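Student: I am new to this structure and would like a close look at one part of it. Could you walk me through how a pair of helices meets, and then show me where that pair sits in the rest of the chain?

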Amino acid sequence: DAWDYVMRAHWHIRRFTKEDIATAKELLESALALDPKIAIAYTAIAFANHFEAVFGWSEAPEESHAKLGAAARKAVELDDQNAYAHTTLAIFDLFSARHDAAIRRLEQAKKLDPNLSFPCGYLGTTYAFSGDWERAQPNLEKAIRLSPRDPLVVIWRIATAWAALLSQRHDTAVDLGLQAIQDNPNFADNYSVLAATYGHLGRLEEA
């Protein structure tokens, strides 16, 4: 049924490869063919388009980003009590440089489902991008604690490392970057953070 396609798509999205994202999008098209009003399918489409854009897997990243926004808005329209839907729309705001709007929507998502790691993680990520360690770290740690085996843990770990780097906690950023590699050695941002941090520490060969 539609939910089976969506669950399989979720698994593929969280493998963070170009091929898996393409497979996920095909599965989600099948899900919507069966049930065009399933909000969670639109959140997954939004997420898939997001990764296509940020990892350069799309021939038109701006178009993929726009599709993220359109799918996220559709998910909220279909189910405005869905924390996943509000979180994906917040991701669109975050990567459109509307940080305050993203924070407001993520706080709303946390109230809708306080035990869901997704809004906590992206709230922490939003604060991490501005170097706000004091707000980023507890939200990201909570996201990891709520779902320690979730493949998204690598994002929460590396976002914490970004927050540490931007707040000049360089040794902490190195430790977190190395942990993130253990979480998923194929996640490119792990190496970006480590390279930048090693550069700040003057460890140029490692960088």
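Tutor: What follows starts with one helix pair and then widens to the rest of the chain. Please keep in mind that this is a predicted model.

Let's begin with helix H1, residues 2-13, and helix H2, residues 18-34. Their axes come within 8 Å and cross at roughly 165°. An angle over 145 degrees counts as roughly antiparallel, and H1 and H2 are therefore roughly antiparallel to each other. The handedness of this crossing is left-handed. On the H1 side, the contact is made by Ala2, Tyr5, Val6, Arg8, Ala9, Trp11, His12 and Ile13. Facing them from H2 are Asp20, Ile21, Thr23, Ala24, Leu27, Leu28, Ser30, Ala31 and Leu34. If you sort the residues of this contact by class, you get twelve nonpolar, three polar and two charged.

One residue of H2 also leads us onward. Ile21 belongs to the contact with H1, and Ile21 is in contact with Glu52 too. Glu52 lies in helix H3, which covers residues 39-54. With its neighbours within four places in sequence left aside, Glu52 is in contact with Ile21, Lys25, Trp57, Ser58 and Ser64. Is Glu52 buried or exposed? Its relative accessibility is 13%, so Glu52 counts as buried.

H3 has a helix partner of its own to set beside the first pair. The axes of H3 and H5 come within 9 Å and cross at roughly 25°. Angles under 35 degrees count as roughly parallel, and H3 and H5 are therefore roughly parallel to each other. This crossing is left-handed. Ile40, Thr43, Ala46, Phe47 and His50 are the H3 residues that meet H5, where Tyr84, Ala85, Thr88 and Ile91 take part. By class, the contact of H3 with H5 has six nonpolar residues, three polar ones and no charged ones.

Just before H5 comes a loop that is worth a stop. Asp80 is found there, between helix H4 (61-78) and helix H5 (83-94). At 46% relative accessibility, Asp80 counts as partly exposed. Apart from residues up to four places away in sequence, Asp80 touches His86 and Leu112. Asp80 and Ala44 are 36 residues apart in sequence, and their C-alpha atoms are 16 Å apart in space.

Further along, Thr125 is found in helix H7, residues 117-129. Thr125 counts as buried, with a relative accessibility of 4%. Setting aside residues up to four places away in sequence, Thr125 touches Leu94, Leu140, Trp156 and Ala159.

Now step back to the chain as a whole. How many helices and strands does the secondary structure come to? There are eleven helices and zero strands, and the pattern read along the sequence is α-α-α-α-α-α-α-α-α-α-α. The radius of gyration is 17 Å, close to the 17 Å that the globule rule gives for 207 residues, so the chain is as compact as a globular protein of that length. Along its principal axes, the C-alpha trace spans about 55 × 35 × 30 Å. Of the 207 residues in the chain, buried ones make up 50%. Among the contacts with a separation of 6 or more, 55% are between residues 24 or more positions apart.

How values were computed:
Residues numbered from 1 in each chain as written. Predicted model: local features only at pLDDT ≥ 70, side-chain atom pairs only at ≥ 80, totals over all residues. Heavy atoms only, no water. Axes fitted to C-alpha atoms, helices over the stretch in contact; angles between N-to-C directions. Helix = DSSP H or I, 4+ residues; strand = E, 2+ residues; numbered from the N terminus. Parallel < 35°, antiparallel > 145°, perpendicular 65-115°, else oblique. Left-handed = near helix turned anticlockwise from the far one by under 90°. Contact = heavy atoms within 4.5 Å. Nonpolar A, V, L, I, M, F, W, Y, C, P; charged D, E, K, R; others polar. Rg over C-alpha atoms; globule rule 2.2 N^0.38 Å. Buried < 20%, exposed > 50% of the residue type's maximum accessible area, 1.4 Å probe, protein only.
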